[in-house]
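Look at the model below and follow the chain from its N terminus. The text after it goes from the whole chain to a few side chains.

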Amino acid sequence: MSKNDDETPLIGHAQPRSLADRLRSVWEERLRPQHNWRYYLNPRHSMVLFLTVALIFVGTGNRVMYKRMLNGMPNYPYFLSQLTTVIYLPIFWPIVWYLMFLTPAITADQ
């Protein structure tokens, strides 16, 4: 027998690995980021980046417009809060109903 025959395990009888080795392999296979920042500059992969920037701009615009409304009507903050809620509900509930009944995006479990 050669030296290598003694060290190689039989098929199905692998040497037990330490916890550190197992954690390292999980990190390398599943958790380590696979892409750097240049990956997201490609237009095919940048949809999440685009949606994040759009969300920031729309949220900022919403906050600025709400503040301008409050400056114009300083005695009516409760009314403005109710008004914006009444405006948002008819716009967004049909979207939620569409997602609930016509797509698998929102399930009954959620």
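**From the chain to its aromatic rings**

Buried residues account for 5% of the 110 residues in the chain. The model is a predicted one. The chain exposes about 10,600 Å², and carbon and sulfur atoms supply 65% of that area. Its secondary structure consists of four helices and zero strands, so that the elements read α-α-α-α from the N terminus on.

The rest of this text deals mainly with helix H4, which covers residues 77–102. At 1.5 Å a residue, the 26 residues of H4 should span 38 Å. The C-alpha atoms at its ends are 37 Å apart, which agrees with that expectation. Helix H4 also has a kink of about 35 degrees at Leu89, and the proline Pro90 follows shortly after.

Next come the aromatic rings. A pair of aromatic rings is described by two values, the distance of the centres and the angle of the planes. The structure holds two aromatic pairs. One of them joins Tyr88 and Phe92, with 5.9 Å from centre to centre and 50 degrees between the planes. This pair is tilted, because its angle is neither under 30 degrees, which would count as stacked, nor over 60, which would count as edge-to-face.

Why can these two side chains meet? An α-helix has 3.6 residues a turn, so residues three or four places apart point the same way. Tyr88 and Phe92 are four residues apart in helix H4, which means that about one helical turn separates them. Both residues are partly exposed: Tyr88 has a relative accessibility of 38%, and Phe92 has one of 45%.

The rings of Trp93 and Trp97 have their centres 6.0 Å apart, and their planes lie at 40 degrees, so this pair is tilted. Trp93 and Trp97 are also four residues apart in helix H4, and therefore about one helical turn separates them. Trp93 counts as partly exposed at 40% relative accessibility, and Trp97 is partly exposed with a relative accessible area of 47%.

Finally, consider the surface. A nonpolar patch of about 830 Å² is made by Met73, Tyr76, Phe79, Leu83, Ile87, Tyr88, Ile91, Phe92 and Ile95. Tyr88 and Phe92, the residues of the tilted pair with 5.9 Å between centres, are thus among the members of this patch. Another member is Ile95, which lies in helix H4. At 42% relative accessibility, Ile95 counts as partly exposed.

How values were computed. Residues numbered from 1 in each chain as written. Predicted model: local features only at pLDDT ≥ 70, side-chain atom pairs only at ≥ 80, totals over all residues. Heavy atoms only, no water. Helix = DSSP H or I, 4+ residues; strand = E, 2+ residues; numbered from the N terminus. Buried < 20%, exposed > 50% of the residue type's maximum accessible area, 1.4 Å probe, protein only. Areas by Shrake-Rupley, 256 points an atom, 1.4 Å probe, with all protein chains shown as cover. Phe/Tyr/Trp six-rings, centres within 6.5 Å; stacked < 30°, edge-to-face > 60°. Expected span 1.5 Å × (residues − 1). Bend = angle between axes of the 7 residues up to and from the residue. Patch = residues over 30% accessible without salt bridge, like charges linked within 9 Å, V, L, I, M, F, W, Y side chains within 5 Å. Salt bridge = Lys/Arg side-chain N within 4 Å of Asp/Glu carboxyl O.
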